[in-house]
Amino acid sequence: MLALADALGWKYSIKQLSYRPTELLTSLFLGPSLTGINKRLSSALETPWPDLIITAGRRNEPVARWVRQQTGNQANIVHLGRPWAPLDTYSLIVTTPQYSLPDRKNCLSVPLPLHRVNKATLDVWRDEWAGKLADLPRPWWVVLLGGDSGPYVFGEEKGRQLGQWVNQQASIQQGSVLVSNSARTPAKAYAAFLSQITVPVQDYHWQKNADDNPYQGYLAHADNLVVTGESMSMLAEAAATQAPLYLFDLADCPEQMPRLKKQCSPWWLLAHNYRYKPLTHRLAATFAPSRLRRDVSKIQTELVSSGRAVWVGQEFIVGQYTLQDSLKQAVYRVRLLME
């Protein structure tokens, strides 16, 4: 949302909302309403009313629609991602392939989620972090680890497999590894990855609100980038750099890694697939309405087919790629809308 607001270049204000435990029921059944938020803990919603509302997430939808009512239904609502209300509720929906929304006039499907990583921000981070990495031999292999998400479960064996491959590549090039986990990375998977690294390494262990988080510096300085494929935000931000990008498939039977596929078992024989997230995702993908489904492999395929990324184990070919700029597409459509 902030990336889009900044790119538009218009004056804007940010509203922080605090939600009540009962917000799911009120969001689903009351329509435009402030019933789902704690007004005392939320930003004030008052005049002057806006011309444009940028929102994302189910919990914000009733609030955005309530604000539009206060404008005499004159304000435009731009929703990012996948809305729960009927699609014609919104002036514009900026979505990504994973949600499979229908092709219609008020839906813009962009290749990747919007973000604030660009040449200018990378230049700033590069200057800020230049001295902090100088002792490590280049090339720098930057590894960004996500974690469990939907059908993807990041276990110890997958951590070891990825660590072995990254260590082999860095060893061949006599380089080093810069790796960061995230809030979702299982500790055992991260430890398994690090156990395979014998080249010089700088490893960061994620902490909430830490001042020394190197994520941005790693993006700016990467000679090669390796990202776990379940994280749409990390994939989008990594794709904004000029570094060769490798995707690690966290699926139990990765299509792009035949050697591992031969060893894998059917999903129902793997104990970790009976945990809450992977099991509910499979049930939703099979029985739930379309609004509850998502397929992140569509974004991975978009990156690979455009030439911007390859799968771990494949050779990256430096050259031109055809991936369109999601933010520029979104800005263009919003400006048309407001005109």
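How many bridges join strand β2 to strand β3? In this predicted model, the number is three. Strand β2 covers residues 76–80 and strand β3 covers residues 92–95. The two run parallel. Within β2, H79 stands opposite I93 of β3.

This pair belongs to an open sheet of four strands. The strand order is β1-β2-β3-β4, and the pairing is parallel. Strands β1 (52–56) and β4 (107–109) form the edges. Each of these edge strands pairs on one side only. From one strand to the next, the twist averages 20°.

Confidence was examined along the chain. The mean pLDDT is 88. A value of 70 or more is reached by 87% of the residues. Among the elements, β2 has the highest mean pLDDT, at 98. Helix α9 (residues 258–261) has the lowest, at 47. Over residues 258–262, pLDDT stays under 50. For that stretch the model has five contacts beyond four places in sequence. Where pLDDT is low, predicted coordinates should not be read in detail.

Empty space was considered next. Rolling a probe the size of a water molecule over the atoms shows where such space is left. The largest pocket has a volume of about 1100 Å³. Its lining comprises 30 residues. Closest to the pocket centre are S13, I14, K15, L52 and I53. Three elements, α1 (2–8), β1 and α3 (61–70), each give two or more residues to this lining. Strand β1 gives the most, with four residues. Thus an edge strand of the sheet also contributes to the pocket wall. By class, the pocket lining has 21 nonpolar residues, five polar and four charged.

The search of the whole structure also covered cavities. One cavity of 30 Å³ or more was found. The largest cavity has a volume of about 50 Å³. The residues that line this cavity are Y19, E23, T26, S27, S33, G36, I37, R59, P62 and V63. Helices α2 (23–29) and α3 each give two or more residues to the cavity lining. The most come from α2, with three residues. The cavity lining divides into four nonpolar, four polar and two charged residues. Element α3 therefore appears in both accounts: it gives two or more residues to the lining of the largest pocket and two or more to that of the largest cavity.

Methods
Residues are numbered from 1 along each chain as its sequence is written. This is a predicted model: local features need pLDDT of at least 70, side-chain atom pairs count only at pLDDT 80 or more; totals for chains, interfaces and linings use all residues. Side-chain values use heavy atoms; hydrogens and water are left out. Two strands pair if DSSP finds at least two bridges between them. Axes are lines fitted to C-alpha atoms, for helices over the stretch in contact, and angles run from 0 to 180 degrees between N-to-C directions. On a 1 Å grid over the protein atoms alone, a cavity is a set of points where a 1.4 Å probe fits but cannot get out, and a pocket is an open set with protein on both sides within 12 Å along at least five of seven lines; lining residues have an atom within 4 Å of a point. Grid points are joined across faces, edges and corners, and a volume is the space filled by probe spheres set on the points. Ala, Val, Leu, Ile, Met, Phe, Trp, Tyr, Cys and Pro count as nonpolar, Asp, Glu, Lys and Arg as charged, and the others, Gly among them, as polar. pLDDT is the predictor's confidence in each residue, from 0 to 100. Contact means heavy atoms within 4.5 Å.
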